[in-house]
Amino acid sequence: MGERALRGVSAAPGVRSGRAFVLDRPLSRPLTGVAPAARTGELDRATRALQGAATELQDLATRLREAGRTPEADIVETGVLMAEDPSLIRRVESLVLESGLPADAALAGAAEEIALELANLEDPTLALRADDVRSLGRRASAHARGGDTTAAGGVLIARTLGPADVADLSATGVALAGGGVTAHAAIVARSLGIPMVVGLGPDVLEVEDGEEVVLDGDSGLLVRSPDANRMAAARADEVSRDTAREAAREHRLVPAETRDGRRIVVLGNAASVAEVIEAGQQGAEGVGLLRTELGFLEARDWPSYEQHIGFLGPILDRLSHQTATVRLLDFGGDKTPPFLKGAEGRGIELLLESPEAMRTQLRAIVASGTDTRLRILIPMVTSPDQVRAVHELLGSVLGGRRAPQVGSMIETPEAAQRAREIADVSDFLSIGTNDLTQLVLRLDREHSKSAPVTDVRVLRLIGETTQAARGAGIPVDVCGEAASDGVAMPILVGLGVDELSVAAARVGEVRRWIRELDFAACRDSAEGFIRSGRSRSS
Ligand code: PEP
Ligand code: MG
């Protein structure tokens, strides 16, 4: 059979070949049941599969805990508890012994029954557990079939994924039926250098587990039955990316300076120790955006002081004497934990409704970052009063320590319009082009298939923000994905940004691009765009 290509949208670059691991296969009930005499044996198989899944989850939780990823370990452990739930076990028994279903279908079916009940509950926290119990059912069912239960080394295929899933599942590539290029799952994939294609449609869920596929994150394709040439090209791409990474590591100490001498500070975006290590090896001068909320997406309540320390400690310990920009929890949108389900607002607006929660995080940041060049970043700022409120709370937790710098994210049209007022009460500004682009152009961030930051309406606001920062005498950085976009980045440099904070896997490449730029030319062409009102296609 010849190649069959499914077309989607590129969300993270790179080409990989590998075996497919399908997470969200539509549930198919077998037409022929298990003969009554064989049902007790079939139930034993189901029970062993459930135990196998629980043991695997426990091992994964232990590894996550050892890597300092306590919140994720906690989430995984809830799956272990679910595997012991008497109601799940009773349903599996009934589906095998009474209905005669084979072990894999009984496990998936019982999990689906519980998931549907949970999804219909009023309590939003419990409703969100529906996906967890489905995930356990999938894993146990795969055990019963004797199939692979991890995506390690393969191409993960699913309907949609959360940001934590991408990091946990250690796949070499990700293909989604739905999803969006600016959703946080895509950001994590880019950060870890995992190729990803989104928007492939439901046909992708028909791919067989174990089937050889090529995922082309550059062209937005998933290719079934790939021919020898395509497989060879995928392997060559992997080798060349590895080589580029090696080169980035070799040049890690060469400054990121344009040919005409404009120095740009390149920092890494991170939410895990792995990303901080990768960014550092590629020459990052620290972290420009630590997305703290990604550690607490499954939180049942505002994180405690100890939980914050558990998340921050291992990361900030790696940033001794370097810039460590810790963003306050940016909950809301596709980063809404169960306890905030239904809450309106995002970022600082939500935090200011719970000042004790913010105080707790500030205390933990100040305590964990003593050895770093600590900066605190406020998400989704819309007014200077919000920045003043953070300063005031910060003052109350310092206890004699030196105050860290406080910066404001400019990622809403309101903030860009009030950039000068906000700059006057901030120590630095950080432009969040992901949200800014979506909000200015009224796109849907979680499903949008493009992020045209080079639209002149967005560029004008970025230009006004850099001027506001210059007027206030403070530095300005860009920490959205545009900072590592080959078309947008030179324009941002031309508009006068001082720092770029980019996905860990992109640090070396962005530093190399800067060394090839001419600042005066970037400035002229950026000014030209804004004056002419034209948009660059990115
Ligand atoms: C942004 O909006 O550009 C940004 C960096 O914040 P996040 O992607 O975490 O929303
Ligand atoms: Mg944002």
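## Exercises on packing, a metal site and local conformation

Helix 17 and helix 20 are oblique to each other, oblique being the class left over when angles under 35 degrees are taken as roughly parallel, those over 145 as roughly antiparallel and those from 65 to 115 as roughly perpendicular. The model is predicted, so local features need pLDDT of at least 70 and side-chain atom pairs count only at pLDDT 80 or more, whereas totals for chains, interfaces and linings use all residues. Residues are numbered from 1 along each chain as its sequence is written, chains are lettered from A and ligands numbered from 1 in the order in which they are written, and side-chain values use heavy atoms, with hydrogens and water left out.

**Exercise 1. Describe the protein as a whole by its secondary structure, burial and contacts.**

Step 1. The protein has 20 helices and 16 strands, which are DSSP runs numbered from the N terminus (helices: H or I, at least four residues; strands: E, at least two).

Step 2. Of its 538 residues, 55% count as buried, where buried means under 20% relative accessible area, exposed over 50% and partly exposed in between (1.4 Å probe, protein chains only).

Step 3. Among contacts with a separation of 6 or more, 68% involve residues 24 or more positions apart, a contact being heavy atoms within 4.5 Å.

**Exercise 2. Work out how helix 17 packs on helix 20, and which residues make the contact.**

Step 1. Two packed helices are described by the angle between their axes and the distance between the axes. The axes are lines fitted to C-alpha atoms, for helices over the stretch in contact, with angles running from 0 to 180 degrees between N-to-C directions.

Step 2. Helix 17 (residues 456-472) and helix 20 (residues 519-532) meet at an angle of about 120°, and their axes are 9 Å apart.

Step 3. Helix 17 passes helix 20 in a left-handed crossing, meaning that the near helix is turned anticlockwise from the far one by less than a right angle, whereas clockwise would be right-handed.

Step 4. Helix 17 contributes Val456, Leu459 and Arg460 to the contact, and helix 20 contributes Phe529, Ile530 and Arg531. By class, these residues are four nonpolar, no polar and two charged (nonpolar: Ala, Val, Leu, Ile, Met, Phe, Trp, Tyr, Cys and Pro; charged: Asp, Glu, Lys and Arg; polar: the others, Gly among them).

**Exercise 3. Repeat the analysis for helix 12 and helix 13.**

Step 1. Helix 12 (residues 355-368) packs on helix 13 (residues 384-397) at an angle of about 55°, with the axes 9 Å apart, and helix 12 is therefore oblique to helix 13.

Step 2. The crossing of helix 12 and helix 13 is right-handed.

Step 3. From helix 12 the contact takes Pro355, Met358, Arg359, Leu362, Arg363 and Val366, and from helix 13 Val390, Leu393, Leu394, Ser396 and Val397. The residues in this contact of helix 12 with helix 13 comprise eight nonpolar, one polar and two charged.

**Exercise 4. Locate the residues that coordinate the magnesium ion, and state whether they are buried or exposed.**

Step 1. Glu411 (OE) and Asp435 (OD) coordinate the magnesium ion (ligand 2) at 2.1 Å. Donors are N, O and S atoms within 2.8 Å of the metal (3.2 Å for Na, K and Ca), and water is not among the atoms, so sites may look incomplete.

Step 2. Because Glu411 lies in the loop between strand 13 (405-410) and helix 14 (413-417) while Asp435 lies in helix 16 (residues 433-440), the pair ties together parts that are 24 residues apart in sequence.

Step 3. Glu411 is buried at a relative accessible area of 2%, and Asp435 is likewise buried, at 5%.

Step 4. Helix 16 is largely enclosed by the rest of the structure, because seven of its eight residues are buried, among them Asn434, Asp435 and Leu436. Just after helix 16, Arg442 takes a positive phi of about 55°.

**Exercise 5. Characterise the surroundings of Ser225, His321 and Asp427.**

Step 1. Ser225, in the loop between strand 8 (221-224) and helix 8 (228-250), has a positive phi of about 45° although it is not a glycine, and is partly exposed at 24% relative accessible area.

Step 2. His321, in the loop between helix 10 (305-316) and strand 11 (323-327), has a positive phi near 65° and is exposed, with a relative accessible area of 59%.

Step 3. Asp427 occupies the loop between helix 15 (419-424) and strand 14 (428-431) and is partly exposed at 30%. The C-alpha atoms of Asp427 and Ile474 are separated by 6.1 Å, although the two residues are 47 residues apart along the chain.
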